[in-house]
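Reader: Could you take me through a close look at one helix here, and then show me how some other parts are packed? I would enjoy one connected account that I can follow on the screen.

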Amino acid sequence: MTDWLAGLEDEALVRLLQLRPDLAVPLPASMAVLAARTEQRASVLRATDELDTLDFAVIETLVVQGAADLRDPKPVPRTALTKLLGDRVGKAALDAAVATLRARALVWGSDKALRLTTAAQEALPWPLGSTTELPDALTEPEINTALAELNPPERGLLDKLAATGPRGRTRDAAPGTPEDRPVQRLLARRLLHWIDDETVELPLSVGQVLRDEPVTDPHALTPPQPELRKQTSSDVNAAAAGEVGELLRHSASVLDVLGQAPAPALRSGGLGVREIRRVVKQTGIDETRIGLIAEVLAAARLLDKGSPEPLPDDGTEDFWAPTTTADAWLAVVPPRRWVVLAQAWLDLDRFPWMIGLRDANDKPLAALSAELRNVHAVRDRRAILSLLAEYPSGNAVSAADLGRALAWRQPRWRRHYRLESVERTLSEAEALGLVARGAVTSAGRALLHGRPEDAESEMAAALPAPVDHVLVQADLTIIAPGPLVPELQDRISMVADIESAGAATVYRLSETSVRRALDGGATAAELHNLFAAHSRTPVPQALTYLIDDVARRHGRLRAGMAQSFVRSEDPALLAEVLAAPVAGQLALRAVAPTVAISQASLNEVLEQLRAAGFSPAGEDSSGAIVDLRPRGARIPARNGQKPNWRPNPPSPEQLQALVSELRAGERAAQSRSGQTVRSDGSRTTTAATLNLLQLAARTRRPVHIGYVDASGIATQRIVEPLKVGGGQLDALDPVTGAIRHFTLHRIASVALIE
């Protein structure tokens, strides 16, 4: 193995370290060290995670032929491998499989003598011989038929083996056991395999059906071909645009509700069922969808846990509330808002679809709780969507077909692609607008390929263009025939309440909503101009009367802070207020014919007076009307990006430099040393080191040095000393041509090269 690695080109070594980055940590001192690492069991198992069924068929064939035998290895010629498998898959596919295994150093050697890393046998996802022996297993339809005919004791026995392990010990396996015993009946139906008189084994395919996993066939050396449902890309994108519109509207509604009343965090940190149901009641959104939206908003840093400002006064320390970033997100255009949410879901290291499932203690999993975190979430999600994106645009594939294709490509991970997991992942992707009608959208493809700008452009093209007009009806409803431009959206939302939302939103005008607009600083003239300028239908007379009537009564009574005060230019009106029961509730006291004061807060004074049938308006110290609408609680946004727990892989340039270091160490280990200076056989003295290095610098001779870096990693290398002084050696690296600097007291040995 050492000789084979040393004979590889630098590009091949770089590729090996890209595929198996654990081999480079810490930096191997020589090819022998690298070769030893390639055969370590843990490293080999990680390297086989991405192999497909054909790759494992090659591994199994080499094992059966003796290429991995520790006592008497028998290298296998490439021609023998082609003879055994070539007829079943074709020469090109077999060559690609061997190249894949060689690139990972799982198979090595020349074509005349292929060898297999010993630990690769342990990575086989099925019992040895499943590929090379003739198939003797039931098909999936036969298994389903047989399972349907079982009685409860027999089905319970199979379920137990499927959950705990394929092998079980029982005396009922012995010959002579009555045929009506469950084990004997299962053996007769081939739902169990007989091992010995006390051992039975659950067949691989039966266990997969019981666990709802894709059924894999080790003999199927070509990938399964899913059934494609063809449709146009425009239809797919249009369906996704509708989902995105609902997603953005629902996300804004959840932020608004949690801003008005932040949700107390559970002791475990999640969002309680009672709080979710409160949000459901106020927004009308489905409970399952609320959980998904909350997870995505939290991943996008639009929702967070902490102490909001202002802090609710109920003794709770942590609340789930919108962050200050949410206001900026709500202000940008819809396509950009969608990219933020979709990217957050793709990178979410959690499974939102597990909300409500039971944990080991039979307790339901809460939204935003730590139990939803899973280190495989990002990998599994991207694997499902990336495979779906490989098919032509507009082509839909069923969840079952996707699961089978993924299980063939990654048989060691087949349990991650159970039908439920794939279906729920696709359902979340559809809710996020990445998938529609079973196919990946154009914007979803761009985002999966790492192009957020292109994804935003694709979504902008799919979403309906914002409109700048509305339709005012005689029954005081306003119909928005599409998404409104932001400015018009804000003004309509201030003067009317949403009655029904969707592609066309219906707003309802009322005395309360008009007064809200006047409280916000609008005037009657501005409201008349709003509808006259933006309504494509004639403004009904009833709306004109409504605005004028509310405006005529609005502001005749003024409230301020004394803690608060109430004033009116009409003494009779103020006298009416003081005579009403509300005056006692607010403890109003007249200080002048037109002014009364109260110790209640301004908001409370306004609410109580309005509840009593009056129409007060809030004012500031200058007498101008102020907007007292609640803004909602906010949590300060955290600085910086969300921490990424996944390590960044080294760049090709870094790996190339690492290979150069490895080559230098290998040449140093193989070089013949001349004069060597050592004080105790392991480390040179400082004086001796200086003398020998100064001699090498004067005579321009290369030296072989042993160096220990700041991390304590020892390396061997050949360098050409240029300058010695100031406690440092400046030397030329003959491999890269770069000048390197070495601290003298870290040089453990020095030898001149003959």
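Author: Happy to: what follows begins with one helix, goes on to a pair of helices, and ends with two single residues. Please keep in mind that this is a predicted model.

Let's start with helix α7, which runs over residues 91–103. How far apart should its ends be? With 13 residues at 1.5 Å a residue, α7 should span 18 Å, and its end C-alpha atoms are indeed 18 Å apart, so the expected and modelled spans agree. Now turn to the side chains: Leu94, Ala97, Val98 and Leu101 of α7 are buried. These four cover an arc of only 95° around the axis, which means that they sit on the same side of α7. And what lies over them? The cover on the buried residues of α7 includes two helices, α5 (53–64) and α6 (78–89), as well as strand β1 (107–108). If you follow the chain past the helix, you come to Ala105, whose phi is positive, near 60°.

Next, a pair of helices. Two packed helices are described by the angle between their axes and the distance between the axes. For α23 (residues 511–519) and α25 (residues 541–553), the angle is about 55° and the axes are 10 Å apart. An angle of about 55° falls between the under 35 degrees of a roughly parallel pair and the 65 to 115 of a roughly perpendicular one, and α23 and α25 are therefore oblique to each other. The crossing of α23 past α25 is right-handed. To see the contact itself, display Glu511, Val514, Arg515 and Leu518 on the α23 side, which meet Leu546, Ile547, Val550, Ala551 and Arg553 of α25.

Now for the single residues. Ser660 belongs to helix α29 (residues 652–670). Is Ser660 buried or exposed? Its relative accessible area is 13%, under the 20% cut-off, so Ser660 counts as buried. Setting aside neighbours within four places in sequence, Ser660 is in contact with Val735 and Thr736.

Val703, our last stop, is in strand β21 (residues 703–708). With a relative accessible area of 0%, Val703 is buried. Which residues does Val703 touch? Not counting residues up to four places away in sequence, its contacts are Leu693, Ala696, Arg717, Ile718, Val719, Pro721, Val750, Ala751, Leu752 and Ile753. You can also find Ala731 from here: Val703 and Ala731 are 28 residues apart in sequence, and their C-alpha atoms are 9.8 Å apart in space.

Key. Residues are numbered from 1 along each chain as its sequence is written. This is a predicted model: local features need pLDDT of at least 70, side-chain atom pairs count only at pLDDT 80 or more; totals for chains, interfaces and linings use all residues. Side-chain values use heavy atoms; hydrogens and water are left out. The expected span of a helix is 1.5 Å times one less than its number of residues. Buried means under 20% relative accessible area, exposed over 50%, partly exposed in between (1.4 Å probe, protein chains only). The arc is that of the directions from the helix axis to the C-beta atoms. Contact means heavy atoms within 4.5 Å. Axes are lines fitted to C-alpha atoms, for helices over the stretch in contact, and angles run from 0 to 180 degrees between N-to-C directions. Angles under 35 degrees count as roughly parallel, over 145 as roughly antiparallel, 65 to 115 as roughly perpendicular and the rest as oblique. A crossing is left-handed if the near helix is turned anticlockwise from the far one by less than a right angle, and right-handed if clockwise.
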